[in-house]
Amino acid sequence: KYQTNESIVFQKAVIPQGCWLNNKTIGEVFFWNYTEATIVAVVNGTDGNIQASPGPDFPLRDGDTIILVGKDELSFDRVLNFITYGIED
């Protein structure tokens, strides 16, 4: 049995039009490495289909909604910054 006093909080973020993530895979952008958030599901922005537990080869697209769970309370902020600004070379 698994018991904890902590609750898992799911959050969502939308990939905006013209985002640098468009057509890049989760693995290609090292999503978890930069955000410390796990993508639980992706809701397609066009048809509303849901891809549960997408793998590293799953492509992200403008308009998609990412359902995620974070490592800590700052994970969501890291996700928003990552979506907005990307990574510095």
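Buried here means under 20% relative accessible area, exposed means over 50%, and partly exposed is whatever falls in between (1.4 Å probe, protein chains only). By that yardstick Asp72 is partly exposed, at a relative accessible area of 30%. The model is a predicted one, so local features need pLDDT of at least 70 and side-chain atom pairs count only at pLDDT 80 or more, while totals for chains, interfaces and linings use all residues. Residues are numbered from 1 along each chain as its sequence is written, and side-chain values use heavy atoms, with hydrogens and water left out. Helices (H or I, at least four residues) and strands (E, at least two) are DSSP runs, numbered from the N terminus.

On to the charged side chains. A salt bridge is taken as a side-chain nitrogen of Lys or Arg within 4 Å of a carboxyl oxygen of Asp or Glu, and the count under this rule comes to 3. Side chains of opposite charge can pair when their charged atoms come close. Lys71 and Glu36 meet at 3.1 Å, N to O. That pair links distant parts of the chain, with Lys71 in the loop between β6 (65-70) and α2 (75-85) and Glu36 in the loop between α1 and β3 (37-43), 35 residues apart. Lys71 counts as exposed at 57% relative accessibility, whereas Glu36 is partly exposed with a relative accessible area of 22%.

Glu36 also has a salt bridge to Arg78, again 3.1 Å from N to O. Since Arg78 lies in helix α2 and Glu36 in the loop between α1 and β3, this pair ties together parts that are 42 residues apart in sequence. Asp72 comes in through Arg78, with an N to O distance of 2.9 Å. Shared partners thus join Glu36, Lys71, Asp72 and Arg78 into one network. Arg78 itself is partly exposed, with a relative accessible area of 23%.

Helix α2 also has a buried side, made up of Ser75, Val79, Phe82 and Ile83. Looking down the helix axis, these residues fall within an arc of 95°, so they line one face of α2; the arc is that of the directions from the helix axis to the C-beta atoms. An α-helix has 3.6 residues a turn, so residues three or four places apart point the same way. The buried residues of α2 pack against β1 (10-14), α1, β3 and β6, where contact means heavy atoms within 4.5 Å. On the face turned away from the buried side sit the exposed residues Thr84 and Tyr85. Gly86 follows α2 and has a positive phi, near 75°.

What about the interior? A nonpolar core is a set of buried Ala, Val, Leu, Ile, Met, Phe, Trp, Tyr and Cys residues joined through side-chain atoms within 4.5 Å. The largest one has 16 residues, and those with the most contacts inside it are Leu21, Phe31, Ile39, Leu60, Ile66, Val79 and Ile83. β3, β6 and α2 each supply at least two residues of this core. Leaving aside residues up to four places away in sequence, Leu21 touches Val29, Leu60, Phe82 and Ile83.

Some nonpolar side chains end up on the outside instead. Patches are built from residues with over 30% relative accessible area and no salt bridge, joining like charges within 9 Å and nonpolar side chains (Val, Leu, Ile, Met, Phe, Trp, Tyr) within 5 Å. Phe30, Tyr34 and Ile87 form a nonpolar surface patch with about 300 Å² of accessible area together, where areas come from the Shrake-Rupley method with a 1.4 Å probe and, for residues, only the protein chains shown count as cover. Ile87 sits in the segment after α2 and is partly exposed at 36% relative accessibility. Phe30 is in the loop between β2 (24-25) and α1 (31-35), and is likewise partly exposed, at 49%.

Phe30 has a backbone quirk too: its phi is near 50°, a positive value in a residue other than glycine. Ser53 has a positive phi of about 50° as well, although it is not a glycine. Ser53 belongs to the loop between β4 (50-52) and β5 (59-60) and counts as exposed at 57% relative accessibility. In the loop between β3 and β4 lies Thr46, which is exposed with a relative accessible area of 76%. The C-alpha atoms of Thr46 and Glu28 are separated by 22 Å, with the two residues 18 apart along the chain.
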